[in-house]
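Grab a pencil and work through these short exercises. Try each one yourself before you read its solution.

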Amino acid sequence: ESPNPAFVGGLGSGKSHAGIERLLRLMFDEPGINTLYAMPTYDLLKLRAIPGVIDRLSQIGVRHSLNKSDYCINIKDYGLMYLRSYDNPDRFIAFEVAHSIVDEIDSADVPVDKAELIWRRVTERTRQKSINGNTIGAVTSPDHGTHGFVYNRWVRNSTERQQLIKAKTTDNPFLPVGYVDQIRENYDEKLAQLYIDGEFVNLTSQKVYHFFDRDKHHKPAPKTEEYNAIHIGI
């Protein structure tokens with residue numbers, strides 16, 4: 001019920017579903033308001049957001065229509081859901097909404113300064129009159145770790161308006177068998193904390209050296225005349 005909740009989770013933990021569900025419920029609670037769902041790219045909107053919203057509306061039998069050119073879903077008897085990309089912040093104009101969701105605002109593809117800009121743009125648009133006041137939520141994996149936009153706002157500089165909700169990949173009971181093990185094979189222990197456990201990890205230090213094992217990776221340099229020069233590369 002926070003005005004600014006952040007759902008931070010691992011891969012496949014249900015972040016986008018949570019964001020979509022939140023906006024739809026707010027619209028059903030107050031027919032006539034509009035909402036905004038934003039993602040890093042238009043490709044992600046086409047592949048994840050739009051199908052996710054349409055599938056959910058079809059499941060519960062709510063009539064709707066998609067305006068592909070305007071990136072807008074008209075939810076009959078309830079309102080409009082605008083879809084916008086971080087690719088072009090200048091398109092965050094000429095509409096007002098009561099509630100917004102920013103998806104993957106902490107993605108590795110979204111620099112921290114751009115995330116700040118997007119948040120300001122979304123805040124400017126989220127001003128339509130609403131019974132319980134305007135809200136902006138974030139759903140994201142914590143790609144930037146302890147130096148990201150989400151950590152700064154929801155942990156380091158948290159206020160009473162913010163609520164942090166954390167989820168692990170393993171919290172989602174609907175994932176196929178073996179999915180988590182397959183994902184875990186791709187990462188070392190530190191990155192698994194980020195991409196599976198949804199934890200904020202410090203990625204600005206030890207990007208390489210946390211992999212280093214002195215017994216496994218260290219080899220003494222030979223001391224013979226044949227090796228009279230040593231080349232070191234990183």
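Before the first exercise, one term: a pocket is an open set of grid points with protein on both sides within 12 Å along at least five of seven lines. Keep in mind that this is a predicted model.

**Exercise 1.** Find the volume of the second largest pocket and say which residues lie nearest its centre.

*Solution.* Start with the volume, which comes to about 350 Å³. Next, look at the lining: 15 residues make it up, and Glu-1, Leu-26, His-99, Asn-132 and Thr-135 lie nearest the centre. Then ask which element gives the most to this lining: that's α1, with four residues. Finally, sort the lining by class, and you get three nonpolar, seven polar and five charged residues.

**Exercise 2.** Now do the job again for the largest pocket: what is its volume, and what lines it?

*Solution.* The volume here is about 410 Å³. The lining has 21 residues, with Gly-12, Lys-15, Ser-16, Arg-48 and Glu-104 nearest the centre. Two elements, α1 (15-29) and α2 (42-59), each give two or more residues to this lining. By class, the lining of the largest pocket splits into five nonpolar, 10 polar and six charged residues.

**Exercise 3.** Which residues of helix α4 are buried, and what covers them?

*Solution.* First you need the cut-off: buried means under 20% relative accessible area. Go along α4, residues 149-156, and you'll find Phe-149, Val-150, Tyr-151, Asn-152 and Trp-154 buried. Then check the cover over these buried residues, which includes the strands β1 (4-9), β7 (135-140) and β8 (162-167), along with helix α3 (112-125).

Definitions and conventions: Residues are numbered from 1 along each chain as its sequence is written. This is a predicted model: local features need pLDDT of at least 70, side-chain atom pairs count only at pLDDT 80 or more; totals for chains, interfaces and linings use all residues. Side-chain values use heavy atoms; hydrogens and water are left out. Buried means under 20% relative accessible area, exposed over 50%, partly exposed in between (1.4 Å probe, protein chains only). Contact means heavy atoms within 4.5 Å. On a 1 Å grid over the protein atoms alone, a cavity is a set of points where a 1.4 Å probe fits but cannot get out, and a pocket is an open set with protein on both sides within 12 Å along at least five of seven lines; lining residues have an atom within 4 Å of a point. Grid points are joined across faces, edges and corners, and a volume is the space filled by probe spheres set on the points. Ala, Val, Leu, Ile, Met, Phe, Trp, Tyr, Cys and Pro count as nonpolar, Asp, Glu, Lys and Arg as charged, and the others, Gly among them, as polar.
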